[in-house]
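Please walk me through this two-chain structure in short steps. I am a first-year student, so give me each cut-off as its term comes up.

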Amino acid sequence: MKRRTLLASAAMGLMLASGAFAQGMDKVKACFVYVGPIGDGGWTYQHHQGALAVQEAYGDKVEIQYQENVPEGADAERVLTQMALGGCNIIFTTSFGYMDPTNAVAAKFPDVKFEHATGFKREYPNVSTYNARFYEGRAVQGHIAGKMTKSNKIGYIGSFPIPEVIMGINSYYLHAKKANPNVELSVVWAFTWFDPAKEADAAKALIDQGVDVIASHTDSTAPLAEAAKTNGAVIGFGQASDMAEYKDGPRVSSIIDNWAPYYVKRVGALLDGTYAQQDAWEGIAGGEVEIGEITDKVPAEVKAEAEALRDSIAAGTYHPFTGPINKQDGSPWLAEGATAPDGDLLGMNFFVEGIVGDIPQ
Amino acid sequence: MDIGGINPVILIATLMASAVPILMAALGETVVERAGVLNLGVEGMMVIGALGGFVVAVHTGSPVLGFIGGAVCGAALSLIFAALTQIFLANQVATGLALTLFGLGVSSLGGQGYNGIKPPPTGQLLPDFLADLPVVGPIVFGHDWMVYFSILMTAVLWWVLKSTRIGLIIRAVGESHEAAHALGYKVNRIRLMCIAFGGAMAGIGGAYVSLARVPQWVDGITAGAGWIALAIVVFASWKPWRVLIGAYLFGGITVLQLNLQVAGSGIPVEYLSMAPYLITILVLVIMSAGRRGKANGAPASLGQNFHASR
């Protein structure tokens with residue numbers, strides 16, 4: 001009984017608090033759910049930087065709460081429920097695996113705003129999704145990889161076989177191939193977002209088999225640390241964060257996720273009453289995807305090409321998925337000159353022609 | 001030389017290094033459990049050792065001191081467990097789990113500011129001309145000293161537990177603490193020392209992750225290795241050499257499955273990913289099923305607290 005009363009009163013409180021929605025709010029409690037630790041130096045670190053930017057932008061008007069290392073699945077639902085009951089006005093869930101828990105909890109708390117990163121389900125009016133066009137950055141990395149490899153073997157450490165990751169692999173491969181027709185891509189699935197030892201093992205397996213350029217789609221800096229052991233024979237890229245500490249080592253460039261503008265904008269919208277459900281997907285042009293400094297290890301000419309590629313993507317004159325592109329089985333996907341519709345990308349479950357190996361189902 | 005695109009020599013050399021953290025932690029836990037104490041805090045002690053080792057190595061510039069630092073930190077944390085379970089007679093399972101959570105939290109707090117720093121390298125022990133020999137070079141001579149140390153510890157623990165007076169006392173305490181007490185052994189003091197030893201070993205294992213295998217510090221760097229170590233102890237029937245086999249199997253298949261993926265073996269990745277867990281358990285279960293009853297050998301007093309008044 002007591003518990004029910006508690007829940008009811010909490011819900012009442014939320015309803016009262018939300019009465020002010022249309023006119024904006026005086027104070028917003030913004031909550032963040034992280035899949036890894038904020039000290040991972042990659043994905044979660046960048047989300048936390050975004051959260052800190054929100055705090056800085058609005059000062060007293062915003063209260064930040066966050067929880068690290070929240071497993072994807074049932075635990076996430078528990079954490080989200082606690083946050084919603086604890087008075088959070090807007091909750092950012094920052095990993096793909098929180099998609100169903102986010103929607104499930106959103107159904108129970110219609111007055112709390114939910115923002116799910118990298119997902120595609122918006123089952124309730126209070127769920128928005130946001131993502132960044134990382135594949136644009138992967139195109140630039142792919143070009144550098146194709147030009148830089150000496151063994152013509154490049155590698156990619158994948159986390160989970162979800163559209164987000166597959167998109168990145170395809171973009172990376174297409175542009176490596178364009179830069180160097182002889183290139184071969186090896187993909188290793190780590191089946192984890194964050195496990196430094198396993199990520200290092202995956203990088204080691206790639207290196208042992210002659211790969212000399214490694215891109216990763218996991219959250220820690222371990223693949224770069226492994227590449228650093230080869231004394232310059234193997235290069236890699238910073239993932240999610242700049243990973244600048246490996247600049248004098250294997251890191252030749254990076255993709256930086258810059259969530260700060262989005263978080264500041266959304267919390268601001270909640271404060272001034274202009275908040276509305278949306279599906280945001282910004283890329284290099286919108287400032288959400290940044291290309292980290294390309295180091296001197298890359299010849300000036302390749303660097304210039306990579307930067308030109310970046311700028312043409314930012315200007316909208318070039319789309320990384322421009323036909324003709326065939327699927328892995330040889331069936332046509334994009335016709336000559338056609339660009340990939342966003343729907344195709346968000347549901348991408350196939351490799352493009354030329355990549356060896358199957359996507360785990 | 002290559003089999004299915006994989007070079008077995010490099011594979012074996014890699015697995016020996018990648019098994020060290022689990023092996024060290026599991027060996028320590030073997031001694032702890034042989035003394036009748038179930039310490040589920042291995043993961044916590046490993047991660048504290050990983051941080052402690054990293055911090056010491058970064059500040060002193062010496063990886064050897066780093067490993068010692070890791071051992072000290074692991075042992076210090078385990079003494080909390082020892083105090084709670086041996087002096088205050090707290091439940092071992094609950095205390096062990098709490099120790100893991102505590103260790104992860106403390107290491108996360110203490111590790112602030114150490115992200116992105118590179119530790120001094122733990123180099124190869126033997127000169128290059130030995131390591132460059134074909135086949136035996138990478139497998140036998142090409143490792144850092146911790147790999148040899150872990151194998152040495154396996155042999156030492158096997159010998160101590162099997163053939164020495166100390167081993168006999170530890171086993172007596174673990175099999176029947178009342179009988180050991182009646183013989184005049186200080187049960188709780190012996191257990192306390194075993195727990196500290198286990199903590200030190202787990203700490204070294206953790207330090208190997210942050211100093212040699214990954215080498216860097218990030219929160220939660222051990223990522224569950226402590227739990228694997230615990231499982232291996234049980235499936236290895238509390239025997240040091242079997243612990244070594246278990247750790248090498250697990251490490252080996254983990255490395256192998258990644259290599260198979262790179263080589264494009266065509267085996268579905270899902271099966272490869274679960275293979276390390278499945279095969280390790282399977283092999284060790286089959287090994288201990290051979291001699292029914294006797295080989296199952298869980299210490300009879302495992303997980304029970306002792307107080308002289310009982």
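The buried residues of helix 8 of chain B are covered by several elements, including helix 1 (8-18), helix 2 (20-34), helix 4 (63-87), helix 11 (187-213) and helix 13 of chain B. Helices here are DSSP runs (H or I, at least four residues) and strands are too (E, at least two), numbered from the N terminus. This is a predicted model: local features need pLDDT of at least 70, side-chain atom pairs count only at pLDDT 80 or more, and totals for chains, interfaces and linings use all residues. Residues are numbered from 1 along each chain as its sequence is written, while chains are lettered from A and ligands numbered from 1 in the order in which they are written.

**Helix 8 of chain B**

Which residues of helix 8 of chain B are buried? They are B:Met146, B:Val147, B:Ser150, B:Thr154 and B:Leu157. Buried means that 20 or more other C-beta atoms lie within 10 Å of a residue's own; exposed means 12 or fewer, and partly exposed is in between, with C-beta atoms placed from the backbone. The buried residues cover an arc of only 110° around the axis, so they sit on the same side of helix 8 of chain B. That arc is taken from the directions from the helix axis to the C-beta atoms. On the other side of helix 8 of chain B, B:Leu152, B:Ala155, B:Trp159 and B:Ser163 are exposed. An α-helix has 3.6 residues a turn, so residues three or four places apart point the same way.

**Helix lengths**

The expected span of a helix is 1.5 Å times one less than its number of residues. Two helices of chain B can be checked this way.

| Helix of chain B | Residues | Expected span | Distance between end C-alpha atoms |
|---|---|---|---|
| Helix 8 (145-163) | 19 residues | 27 Å | 26 Å |
| Helix 13 | 24 residues | 34 Å | 34 Å |

For helix 8 of chain B, the end-to-end distance agrees with the expected span. For helix 13 of chain B, it agrees as well. Helix 13 of chain B is largely enclosed by the rest of the structure, because 21 of its 24 residues are buried. Just after helix 13 of chain B comes B:Gly264, with a positive phi of about 70°.

**The largest nonpolar core**

A nonpolar core is a set of buried Ala, Val, Leu, Ile, Met, Phe, Trp, Tyr and Cys residues joined through C-beta atoms within 7 Å. The largest one has 196 residues, and A:Ile91, B:Ile22 and B:Ile232 touch the most other members. Helix 11 of chain B gives the most to this core, 16 residues. Domain 1 (24-132 + 259-282) and domain 2 (138-249 + 290-346) of chain A each supply at least three residues to this core.

What does B:Ile232 contact, leaving aside its neighbours within four places in sequence? The partners are B:Ile22, B:Ala26, B:Val243, B:Gly246, B:Ala247 and B:Phe250. Two residues are in contact if their C-beta atoms, placed from the backbone, lie within 7 Å.

**The domains of chain A**

Chain A is assigned two domains: domain 1 (24-132 + 259-282) and domain 2 (138-249 + 290-346). Their bounds come from an automatic or database domain assignment. The C-alpha centres of these domains of chain A lie 28 Å apart. Across the boundary, 14 residues of domain 1 of chain A contact 13 residues of domain 2 of chain A. Helix 2 (residues 43-58) of chain A gives the largest share of the domain 1 side, four residues.

**Where the chains meet**

How many residues of chain A are in contact with chain B? There are 29, and they contact 33 residues of chain B. On the chain A side, strand 7 (184-189), helix 7 (196-208) and helix 8 (222-228) of chain A are the elements that give two or more residues. Helix 7 of chain A gives the most, with ten residues. By class, the chain A side has 14 nonpolar, eight polar and seven charged residues. Ala, Val, Leu, Ile, Met, Phe, Trp, Tyr, Cys and Pro count as nonpolar, Asp, Glu, Lys and Arg as charged, and the others, Gly among them, as polar.

**Backbone details**

A cis peptide bond joins A:Gly323 and A:Pro324, with omega about 5°. A:Pro324 is in the loop between helix 10 (300-315) and strand 13 (325-326) of chain A. A:Met243 has a positive phi, near 55°, though it is not glycine. A:Met243 counts as buried because it has 27 C-beta neighbours inside 10 Å.
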